[in-house]
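The exercises below ask you to work through side-chain contacts and strand pairing step by step, with the coordinates at hand. Try each task before reading its solution.

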Amino acid sequence: MTTIGRRGMSSPRELTRMGDRLSFVYLERCTLHREDNALTAEDAEGITHIPSATIGTLLLGPGTRVTHQAMSVLGDSGAGVVWVGEHGVRFYSGGRSLNRSSALVEAQATRWANRRTRLEVAREMYRMRFPNENPAGLTRHELLGREGRRVKECYRREAARVGISWNGREYLPGDFGSGDPANQAVTAAAQCMYGIAQTAVAALGCAPGLGFIHSGHELAFVLDIADLYKTEIAIPTAFDVAAQSPEDVGSRTRRAIRDQVNKIGLLRRCVDDIKHLILLDGVKDDLTGDDIDRVTLQSDHGAEVEAGRNYDDGVIW
């Protein structure tokens, strides 16, 4: 059996870098198979070939079936997989991290474990979302208050821009159709952004539960990252879709978000933003795409020693 320390190196030709991938691919009413290292989607109209290494997140809509071998190649390529309901998007499972180094998740844990640096990251997230404001010195409660006001202003501004009425954010979990078209579009856009953010977090090997703003949920850090792009991408796109027509808002919003995030290269930006937020000053960014398995053992005083040795007698295992 191959061990983690002996797993073969994957070249950049085999694993497309996260920032170069498509944001997501949506499929429905088809059967997903594997052919070599590609996926095939078969329906009544024929077979479509999809290179698995180019997918960020695969959205499986109603009527889809997927084989074990197809899931295997998705896991090997680090793609996220989302089973999609009729009206929304939820992230249920994901593939293996594309990054084989633990440097990023260790840096994340270091920043998260200290209250001071955790607040520093939260302030930087606010600064990235609202560059015209200076969050230095703000408490967490003050950050939350300012964020809430900014988002409300964004809703009102976008509604006025597209010429539709807005009576506030209304969403009843589990009942997508209970909201008006604008609220349905905002919900669909938010769920798409969560899927994209979780794909980036998983691909980089970060801990999805160690959030700097959100807390108490297994996807707290994913929610943090998704919110970075709420007022810039998700809300404006949602209101554009709602203003066009009240029909089929969920699927049209999903397609509009897909087109927008591909246009601006959001996955590449997600990767850069996550590394900017959690890599400490002076920490070497060794995520160069070499994809080399490097396993060491922890010794005293923060030192690391070579793995694969028995340190009682010096004999190689």
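**Exercise 1.** In this predicted model, determine which residue of S7 stands opposite threonine 57, and then describe how S5 and strand S7 pair.

*Solution.* Begin with the single position: threonine 57 has glycine 80 of S7 standing opposite. Widening the view to the whole elements, S5 and strand S7, the latter covering residues 80-83, run in the parallel sense and are paired over four bridges. Finally, consider the surroundings of strand S5, which spans residues 55-60 and is mostly covered, since six of its six residues are buried.

**Exercise 2.** Characterise the salt bridge between glutamate 147 and arginine 129, and decide whether each partner is buried or exposed.

*Solution.* The contact comes first: the two side chains meet with an N to O distance of 3.1 Å, which lies within the 4 Å required of a salt bridge. Next, place the partners along the chain, where glutamate 147 belongs to helix H4 (residues 140-162) and arginine 129 to helix H3 (residues 115-129), so that the pair links distant parts of the chain, 18 residues apart. For the last step the cut-off is needed, because buried means under 20% relative accessible area. Glutamate 147, at 18% relative accessibility, therefore counts as buried, and arginine 129, at 11%, counts as buried as well.

**Exercise 3.** Which parts of the chain does the salt bridge between arginine 150 and glutamate 133 tie together?

*Solution.* The side chains of arginine 150 and glutamate 133 meet at 2.7 Å, N to O. Arginine 150 lies in helix H4, whereas glutamate 133 sits in the loop between H3 and H4, and the pair therefore ties together parts that are 17 residues apart in sequence. As for accessibility, arginine 150 is partly exposed, its relative accessible area being 23%.

**Exercise 4.** Analyse the salt bridge that aspartate 273 forms with arginine 269, taking in the spacing of the two residues and their accessibility.

*Solution.* The closest N and O atoms of aspartate 273 and arginine 269 are 3.9 Å apart. Both residues are in helix H9 (residues 266-278), and because they are four residues apart there, about one helical turn separates them. Aspartate 273 counts as buried at 14% relative accessibility, whereas arginine 269 is partly exposed, with a relative accessible area of 29%.

**Exercise 5.** How many salt bridges does the structure hold, and which residues are linked in a network with Arg111?

*Solution.* The total is 13 salt bridges. In the network, Arg111 is linked with Arg116 and Glu120.

Notes:
Residues numbered from 1 in each chain as written. Predicted model: local features only at pLDDT ≥ 70, side-chain atom pairs only at ≥ 80, totals over all residues. Heavy atoms only, no water. Buried < 20%, exposed > 50% of the residue type's maximum accessible area, 1.4 Å probe, protein only. Pairing = 2+ DSSP bridges.
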